[in-house]
Amino acid sequence: MKIKNLQLQTKKCFASVSMEEEKPFDFLRILFEGIIAGGTAGVVVETALYPIDTIKTRLQAARGGGKIVLKGLYSGLAGNLAGVLPASAVFVGVYEPTKQKLLKLFPENLSAVAHLTAGAIGGIAASLIRVPTEVVKQRMQTGQFTSASNAVHVIASKEGFKGLYAGYGSFLLRDLPFDAIQFCIYEQIRIGYKATARRDLNDPENAIIGAFAGALTGAITTPLDVIKTRSMVQGSANQYKGIFDCVQTIIREEGPSALLKGIQPRVLWIGIGGSIFFGVLESTKRLLAERRPKPTQQSQHD
């Protein structure tokens with residue numbers, strides 16, 4: 001009987017570590033703090049790792065044995081940050097309150113489903129900003145344009161508004177699984193670690209878990225990333241008729257291994273990026289939490 005009770009307590013502790021059921025759900029506060037923390041983390045990680053992302057994009061866009069140019073690795077950074085800031089803010093701003101709501105709705109043993117679902121919902125919301133930003137960034141990284149404003153003007157005039165959302169389907173095919181899997185792995189490891197350590201995690205621990213979650217998810221989703229890159233950089237040529245045609249063409253012309261192009265810089269980039277992003281994210285969330293106004297004695301009594 002004692003063993004059974006101990007197992008029940010352990011299970012409950014593992015599933016409810018981050019739910020904080022004793023605190024009232026404050027949607028606006030969680031939304032605001034998520035926006036600030038997400039925007040900060042997104043800008044820091046994008047600036048730090050932009051050159052690796054540029055190399056990865058050029059590797060994936062190159063056909064056959066095409067050479068990779070290592071100049072202009074920060075090409076398009078300023079314009080990209082203009083999109084990364086609101087996109088990251090929207091993602092975390094949607095993810096955090098959605099996660100908290102779902103954790104209260106789902107049974108304790110289905111917390112992973114709550115994290116997967118919240119990650120996908122956050123990804124859909126952020127995709128409206130991410131996709132145009134990604135299209136402009138990758139066109140600049142591959143040398144098609146020299147400035148973000150020029151890229152937007154030319155793409156919109158030649159390809160129409162839909163040109164800014166080129167590869168939207170393949171982007172969702174890559175990013176929705178990526179966001180859902182990465183945040184689920186990260187959150188589940190944190191829950192288990194906190195239950196084992198019986199304390200809050202520090203910034204280095206959050207960073208290590210974020211690196212592992214990012215690297216693993218990055219490797220798994222590399223083929224989806226290659227498809228997304230090819231769809232976005234094709235421009236008005238419309239070489240691919242759709243996602244499946246893109247896959248068939250790549251395999252037919254370059255072999256199945258082409259779907260893993262850029263996996264090394266991608267895993268490195270996202271692994272380091274996950275470390276920085278989640279480290280900065282949790283640190284910013286903690287700082288914001290410490291600045292919350294403390295409830296008055298009267299409100300505590302009420």
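In this predicted model, glutamate 282 and lysine 285 form a salt bridge in which the closest N and O atoms are 3.7 Å apart. The two residues both lie in helix α10, three residues apart, or about one turn of the helix, and both of them are buried. Elsewhere, salt bridges that share partners join Asp53, Glu134, Lys137, Asp225, Lys228 and Arg266 into one network. The points below take up the other salt bridges, then helix α7 with its nonpolar patch, and finally two residues of helix α3.

**Salt bridges**

- Side chains of opposite charge can pair when their charged atoms come close.
- The count of salt bridges comes to 19, and one of them links arginine 230 with glutamate 254, where the closest N and O atoms are 2.9 Å apart.
- Because arginine 230 lies in helix α8 and glutamate 254 in helix α9 (residues 243-254), this pair ties together parts that are 24 residues apart in sequence.
- The two partners are covered to unlike degrees, for arginine 230 has 2% relative accessibility and therefore counts as buried, whereas glutamate 254, at 21%, counts as partly exposed.
- Glutamate 254 also forms a salt bridge with lysine 261, the closest N and O atoms here being 3.3 Å apart.
- Lysine 261 has 18% relative accessibility, and since buried means under 20%, lysine 261 counts as buried.

**Helix α7 and its surroundings**

- Helix α7 (residues 203-220) has 18 residues and reaches 26 Å from its first C-alpha to its last, which is close to the 26 Å expected at 1.5 Å a residue.
- At the start of α7, a side-chain oxygen of asparagine 202 comes to within 2.9 Å of the backbone nitrogen of glutamate 205, and glutamate 205 is itself one of the buried residues of this helix.
- The buried residues of α7 further include Asn206, Ala207, Ile209 and Gly210, together with Ala213, Gly214, Thr217 and Gly218.
- The cover over these buried residues includes α6 (168-197), α8 (222-233) and α10 (263-290); α8 is also the helix that holds arginine 230, while α10 holds the pair of glutamate 282 and lysine 285.

**Nonpolar surface patch**

- Ile189, Phe212, Leu216 and Ile220 form a nonpolar patch on the surface, and together they have about 350 Å² of accessible area.
- Helix α7 supplies the largest share of this patch, with three residues, and isoleucine 220 is a patch member that lies in this helix.

**Lysine 99 and leucine 102 in helix α3**

- Lysine 99 is found in helix α3 (residues 77-105), and at 4% relative accessibility lysine 99 counts as buried.
- When its neighbours within four places in sequence are left aside, lysine 99 is in contact with His115, Ala118 and Glu187.
- Leucine 102 also has its place in helix α3, and with 13% relative accessibility leucine 102 counts as buried.
- Residues up to four places away in sequence not being counted, leucine 102 touches Ala114, Thr117 and Ala118; Ala118 is thus a contact of leucine 102 and is likewise among the contacts of lysine 99.
- The C-alpha atoms of leucine 102 and alanine 118 are separated by 7.7 Å, although these residues stand 16 residues apart along the chain.

Note on methods: Residues are numbered from 1 along each chain as its sequence is written. This is a predicted model: local features need pLDDT of at least 70, side-chain atom pairs count only at pLDDT 80 or more; totals for chains, interfaces and linings use all residues. Side-chain values use heavy atoms; hydrogens and water are left out. Patches are made of residues with over 30% relative accessible area and no salt bridge: like charges are joined within 9 Å, nonpolar side chains (Val, Leu, Ile, Met, Phe, Trp, Tyr) within 5 Å. Accessible areas come from the Shrake-Rupley method with a 1.4 Å probe; for residues, only the protein chains shown count as cover. A salt bridge is a side-chain nitrogen of Lys or Arg within 4 Å of a carboxyl oxygen of Asp or Glu. Helices (H or I, at least four residues) and strands (E, at least two) are DSSP runs, numbered from the N terminus. The expected span of a helix is 1.5 Å times one less than its number of residues. Buried means under 20% relative accessible area, exposed over 50%, partly exposed in between (1.4 Å probe, protein chains only). Contact means heavy atoms within 4.5 Å. A polar contact is a pair of N or O atoms within 3.5 Å; within protein, one must be able to donate a hydrogen and the other to accept it, and residues adjacent in sequence count only if both atoms are side-chain atoms.
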